[in-house]
Amino acid sequence: LYGRAKGYSIIKELVQNAVDSVRANGTRGVKIRNAYQSADSAIPGDRGSSWISIEDDGTGMLPDDLSAVPLDDQFGKFLKLGGTGKAGETGAAGKFGTAKAILLNNPEVVIDTVAIDPKTGQKVHSVLFLREGDMQELYGNLASQLKPQIIEGVGDDVPTGTRVQIRTNHDQSMFQAKSYLKNIAGYGIDGIDLDVNNVQHG
């Protein structure tokens with residue numbers, strides 16, 4: 001569906017999610033990083049891959065947002081294709097989550113997030129690791145399920161927010177994605193403290 005624009009679609013979806021989250025939280029920070037791991041890398045599994053990272057100081061997500069139990073027809077808002085949790089949010093930048101299927105079907109995705117549980121008032125730190133094929137398994141096998149890891153002992157000084165890291169296929173076109181990042185780095189996003197690094201072409 002997205003073809004050579006896949007990298008652009010991933011980046012744009014992540015930036016939109018981050019912007020919506022910080023606006024909902026009354027904060028401003030969004031940090032974007034793009035790193036390329038060369039084909040002769042000494043790191044196993046990372047050779048010839050590109051990593052995209054989007055980090056914000058927004059509201060974060062709770063464990064249920066990152067969980068899925070198909071047998072009970074339960075899908076967290078981050079894992080439900082087409083579901084963004086943004087319905088009714090004023091000024092939401094990304095309303096339909098159209099790139100979510102692509103976002104969750106890359107070789108590796110790590111979602112690291114801290115949110116305040118409204119039931120307890122306590123911060124909850126969740127980390128979800130997704131590998132290639134996990135989402136296909138999830139939607140094709142009712143007996144499968146996904147649950148994030150809960151990190152104990154969240155300090156009072158730990159801010160809420162989310163960092164999403166995606167390892168993409170090195171052969172997919174990232175030119176449009178880098179052009180998009182260079183543009184928003186140059187022009188900015190209204191009301192957002194944007195920190196963009198390492199988005200040069202090449």
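A polar contact is a pair of N or O atoms within 3.5 Å; within protein, one must be able to donate a hydrogen and the other to accept it, and residues adjacent in sequence count only if both atoms are side-chain atoms. The model is predicted, so local features need pLDDT of at least 70 and side-chain atom pairs pLDDT 80 or more, while totals for chains, interfaces and linings use all residues. Residues are numbered from 1 along each chain as its sequence is written, and side-chain values use heavy atoms, without hydrogens and water.

**Exercise 1.** Describe the surroundings of Asp56.

Solution.
1. Locate the residue: Asp56 belongs to strand β2, residues 49-56 (strands are DSSP runs of E, at least two residues, numbered from the N terminus).
2. Check exposure: Asp56 has a relative accessible area of 11% and is therefore buried (under 20%, 1.4 Å probe, protein chains only).
3. List contacts (heavy atoms within 4.5 Å): leaving out residues up to four places away in sequence, Asp56 touches eight-residue company that includes Ala18, Val30 and Thr162.
4. Find the polar partner: a polar side-chain atom of Asp56 lies 2.8 Å from the backbone nitrogen of Gly58.

**Exercise 2.** Relate Asp56 to Val15, and describe the contacts of Val15.

Solution.
1. Along the chain, Asp56 and Val15 are 41 residues apart.
2. Their C-alpha atoms are separated by 9.2 Å.
3. Beyond four places in sequence, Val15 touches Ile32, Ile54, Tyr180, Ile184 and Ile189.

Technical notes:
Buried means under 20% relative accessible area, exposed over 50%, partly exposed in between (1.4 Å probe, protein chains only). Contact means heavy atoms within 4.5 Å.
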